[in-house]
Amino acid sequence: MEAARPAPSAQPAPARTPMLEVRGFSKSYGGRPAVRDVSLAVMPRRIFGFVGPNGAGKTTLIRAIVGAQDFDAGDIRIAGMSVRRRPVECKQLTAYVPDNPDVYGFLTGAQYLSYLADLFEVPADLRAERIRRYGDLLGMTGRLGELTSGYSHGMRQKLVLMGALVHEPKLLVLDEPFVGLDPQASYNLKQIMADLTARGSAIFFSSHVLEVVEKLCDEVAIIRDGAIVRSGPTAEVCGDAGLEEVFLDLAREGEGGKGREEKEGEGEGAAEGKAPAARGARRRGGRHA
Ligand SMILES: Nc1ncnc2c1ncn2[C@@H]1O[C@H](COP(=O)(O)OP(=O)(O)OP(=O)(O)O)[C@@H](O)[C@H]1O
């Protein structure tokens with residue numbers, strides 16, 4: 001039975017500890033606020049969708065979660081450990097796939113994956129099995145001997161995904177992971193995400209493709225102008241409307257127009273960023289690939 005190796009100095013988190021917890025996060029650039037007082041939590045085995053218009057602050061928070069950027073206020077904890085106080089242990093548990101993946105062009109795909117597996121001390125038998133499994137699922141097995149400088153955008157995306165998966169992260173952070181993937185790879189990635197969470201990991205996932213977010217995510221948060229304006233279980237956030245409609249409504253409110261809820265007099269929960277309970281009745285049979 002395959003098991004993710006715990007980071008050497010990281011203690012196993014108690015069962016109810018969120019895999020990712022953001023508390024009161026704020027970040028400004030040159031005195032201009034980009035993200036204000038954002039709090040959210042992602043439990044193990046959950047896929048959390050983070051959506052918002054261009055410039056809303058998604059990448060700013062994501063880069064801070066993965067330790068690529070400092071922040072002004074608040075805290076970010078991964079498996080209970082602060083990214084500021086225990087940055088190395090947090091990185092050992094985390095993998096990040098950015099929306100525009102960059103890989104060393106002078107390496108072959110196989111060399112890139114070996115390099116990452118070495119960094120994360122993945123034993124030889126496990127790395128071989130994972131590289132074969134994910135290479136087959138993403139249609140990359142036959143191309144791993146080639147230099148990455150000759151890869152297409154979609155192939156680079158797949159290779160970076162494989163590099164993230166080779167160490168079976170406890171927290172997988174994905175920024176627009178489906179952009180550039182062919183339909184078969186997209187389908188298989190959804191299955192890979194479901195399998196990873198079934199083994200106890202959590203996924204924090206940002207995308208503009210709202211249908212996919214709605215279908216895949218257990219919980220969703222919508223950020224607008226640097227603040228969370230709606231969050232909760234996907235079924236409650238979407239209500240009877242669907243995520244796209246809720247999202248567009250909130251965007252219109254942000255532009256000073258009237259959203260559908262406001263017109264219907266049902267928007268009491270919006271100010272606190274909660275899903276309107278009265279519309280949370282829509283049943284969903286759980287997420288699926
Ligand atoms: N390095 C930076 N220097 C100055 N301002 C920045 C920097 N990075 C982001 N910003 C600003 O912070 C705000 C949030 O940007 P961010 O990239 O986090 O948004 P986003 O939600 O990821 O957008 P998109 O969906 O377009 O990727 C924007 O107003 C942006 O102009």
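## Arg45, a residue in between

A residue counts as buried if 20 or more other C-beta atoms lie within 10 Å of its own, as exposed if 12 or fewer do, and as partly exposed in between. Keep that yardstick handy while looking at this predicted model. Arg45 has 15 other C-beta atoms within 10 Å, so it is partly exposed.

Where does Arg45 sit? You'll find Arg45 in the loop that runs between strand E2 (32–42) and strand E3 (47–51). Its backbone is worth a look too: Arg45 is not a glycine, yet its phi is positive, at about 75 degrees.

## Glu176, another positive phi

Further along the chain, Glu176 has a positive phi of about 50 degrees, although it is not a glycine either. Glu176 belongs to the loop between strand E7 (171–175) and helix H6 (183–198).

Is Glu176 buried or exposed? With 18 other C-beta atoms within 10 Å, Glu176 is partly exposed, because that count falls in between the limits of 12 and 20.

## Around the ligand

Now for the ligand. Its surroundings are made up of Tyr29, Ala34, Gly52, Asn54, Gly55, Ala56, Gly57, Lys58, Thr59 and Thr60. Sorted by class, this shell has six polar residues, three nonpolar ones and one charged one.

Which element gives the largest share of the shell? That is helix H1 (residues 58–65), with three residues.

## A closer look at H1

Helix H1 is mostly covered, with six of its eight residues buried. Those buried residues are Lys58, Thr60, Leu61, Ile62, Ala64 and Ile65. Lys58 and Thr60 therefore turn up in two places: they are buried by the C-beta count, and they also help surround the ligand.

After H1 comes Gly67, and its phi is positive, near 80 degrees.

## The hairpin of E9 and E10

Strand E9 (residues 219–224) pairs with strand E10 (residues 227–233) in the antiparallel sense, over six bridges. One of the partnerships to look for is Ala221 with Ser231, which lies in E10.

What lies between the two strands? The hairpin has two residues there, and Asp225 takes a positive phi near 50 degrees.

## The annotated domain

To place these pieces in a wider frame, turn to the record. An unreviewed UniProt entry lists residues 20–250 as "domain: ABC transporter". In the model, this span is 39% helix and 26% strand. The C-alpha atoms at its two ends lie 26 Å apart.

Key:
Residues numbered from 1 in each chain as written. Predicted model: local features only at pLDDT ≥ 70, side-chain atom pairs only at ≥ 80, totals over all residues. UniProt positions renumbered as here; feature names shortened; annotations may be inferred. Helix = DSSP H or I, 4+ residues; strand = E, 2+ residues; numbered from the N terminus. Pairing = 2+ DSSP bridges. Near = placed C-beta within 6 Å. Nonpolar A, V, L, I, M, F, W, Y, C, P; charged D, E, K, R; others polar.
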